[in-house]
Amino acid sequence: MSKEDVTREGVKFIRKLDEYGEVNDRFITLKEARTDPTYGKLPTQRSAEELLDLGVVNLDKPPGPTSHEVVAWLKNILGIEKAGHGGTLERP
Amino acid sequence: MSGVLPVALGSATKLIGLIMLSTKEYVAVAQLHEPVEEARLREVIKEFIGRIYQRPPLRSSVKRALRVKTVYEIELLEYEFPYALLRIKCEHGTYVRKLIHDIGLILGVGAHMRELRRIRTGPFKEDSTLVTMHELSEAVYLYRNENDDSALRKTILPAEYIVSHMRKVVVVDGAVSAISHGADLAIPGISMIHENIRRGERVAIFSLKGEIVAVGRALMSTEEVLERRKGIAVKTRRVIMKRGTYPRSWRRKQSK
């Protein structure tokens, strides 16, 4: 990929995040710049292993187990040491 | 309780705290203990929109002091006695069980919560990105046993989604390394910046590839950044990108 292509894909991904997060503010460009494809990586090109260290699962928690138990289960099946949830969702 | 529970993996765990304080949205089933007119129910529900006082329930994880919480929206989706289906949008830390109990008190008939499902926390909601534990374990199976990572790569989102609801600053390659070592972001390092950033706001710092570099606190509003040529725009708070990902481009101060 050329510098132009990587930059275009990177900015496209950021705009997609804005859409997902419902950020409606526009971007102002201070400095036209391109990024070098020889280091770093587009988030959309992360391998499964890389996502296991820099990813997030939008999990549909079932009613039975606690949030803590769900995270423990997830760590176990994914075989990872570290994971954390965003705010408990406990029994009513 | 069921519903949206974002789980951050590995180094992304550092970011997940940013979601905890965000607005939540639920659907809840309330059971009324005696019949009331729908019009009356709607009226009472309306009284609970806005700032409300709440004492956390006996079985709760926080100190039981009276707290003020904001309820943004309550919508009566369906009502068939004894059940009322509600959609509630509220500040984090609002107890929906307590809210329903209190609605019952004002109605004068009593009520309790039968079921609760979270449909939103921060940017995460019930949409095509939501996955069940079943779908996740199937994707893991395909990856580990069939050597097929396509399902898992769809199931796990890049960590950047955790900060998708925050305003963003995109920096040039030359600034990435310094920030990943904990340096603050100076104006010359900025390529793009969202409009409407206020001073003191939490912002996400991105590379031009769309990688999250760090999260920080804006020391200047977008307007101030546009007016000035130099100075620190964002104080770096939490670094996500691993050092050494981008080449070092800054120089050490010359010692005299």
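The side chains of Arg87(B) and Glu73(B) meet in a salt bridge, with 2.9 Å from N to O, a salt bridge being a side-chain nitrogen of Lys or Arg within 4 Å of a carboxyl oxygen of Asp or Glu. Because Arg87(B) lies in strand 5 (residues 83-90) of chain B and Glu73(B) in strand 4 of chain B, the pair ties together parts that are 14 residues apart in sequence. Arg87(B) is buried at a relative accessible area of 17%, whereas Glu73(B) is partly exposed at 32%; here buried means under 20% relative accessible area, exposed over 50%, and partly exposed in between, with a 1.4 Å probe and protein chains only.

This is a predicted model, in which local features need pLDDT of at least 70 and side-chain atom pairs count only at pLDDT 80 or more, while totals for chains, interfaces and linings use all residues. Residues are numbered from 1 along each chain as its sequence is written, chains are lettered from A and ligands numbered from 1 in the order in which they are written, and side-chain values use heavy atoms, with hydrogens and water left out.

**Salt bridges**

Over all chains, the count comes to 25 salt bridges. Three of them are set out here.

| Pair | N to O distance |
|---|---|
| Arg87(B) and Glu73(B) | 2.9 Å |
| Lys235(B) and Asp184(B) | 3.5 Å |
| Glu22(A) and Lys125(B) | 4.0 Å |

The pair of Glu22(A) and Lys125(B) joins two chains, because Glu22(A) lies in the loop between helix 1 (3-20) and strand 1 (27-29) of chain A and Lys125(B) in strand 7 (residues 124-125) of chain B. Helices (H or I, at least four residues) and strands (E, at least two) are DSSP runs, numbered from the N terminus. Glu22(A) is partly exposed, with a relative accessible area of 45%, but Lys125(B) counts as buried at 16%.

Lys235(B) forms a salt bridge with Asp184(B). Lys235(B) belongs to strand 15 (residues 232-239) of chain B and Asp184(B) to the loop between helix 6 (173-180) and strand 11 (185-186) of chain B, so the pair ties together parts that are 51 residues apart in sequence. Both partners are partly exposed, Lys235(B) at 35% relative accessible area and Asp184(B) at 27%. In addition, salt bridges that share partners join Asp25(A), Arg167(B), Arg198(B) and Glu201(B) into one network.

**Strands 3 to 5 of chain B**

Strand 4 of chain B, which holds Glu73(B), spans residues 67-80. Its antiparallel pairing with strand 5 of chain B runs over 8 bridges, two strands being counted as paired if DSSP finds at least two bridges between them. The two strands form a hairpin with 2 residues between them, and Tyr79(B) stands opposite Ala84(B) in strand 5 of chain B. Strand 4 of chain B also pairs with strand 3 (residues 50-54) of chain B in the antiparallel sense, over 5 bridges, and there the bridge partner of Tyr53(B) is Val68(B).

Tyr53(B) and Val68(B), together with Leu66(B), make a nonpolar surface patch of about 320 Å². Patches are made of residues with over 30% relative accessible area and no salt bridge, like charges being joined within 9 Å and nonpolar side chains (Val, Leu, Ile, Met, Phe, Trp, Tyr) within 5 Å. Val68(B) itself is partly exposed, with a relative accessible area of 37%.

**Sheets that join the chains**

An open sheet of 7 strands has the order 1(A)-12(B)-10(B)-13(B)-14(B)-15(B)-11(B), with mixed pairing. Its edge strands are strand 1 of chain A and strand 11 of chain B, each of which pairs on one side only. Strand 1 of chain A runs antiparallel to strand 12 (residues 190-194) of chain B and is joined to it by 3 bridges, with Ile28(A) opposite Ile193(B).

Strand 1 (residues 2-10) of chain B is mostly covered, with 9 of its 9 residues buried. It pairs in the antiparallel sense with strand 2 (residues 54-61) of chain A over 8 bridges and with strand 3 (residues 83-85) of chain A over 3 bridges. Ala8(B) is the bridge partner of Val56(A) and also of Gly84(A). A further 2 bridges join strand 1 of chain B to strand 6 (residues 111-121) of chain B, the two running parallel, and the bridge partner of Gly3(B) is Arg118(B).

How values were computed
Accessible areas come from the Shrake-Rupley method with a 1.4 Å probe; for residues, only the protein chains shown count as cover.
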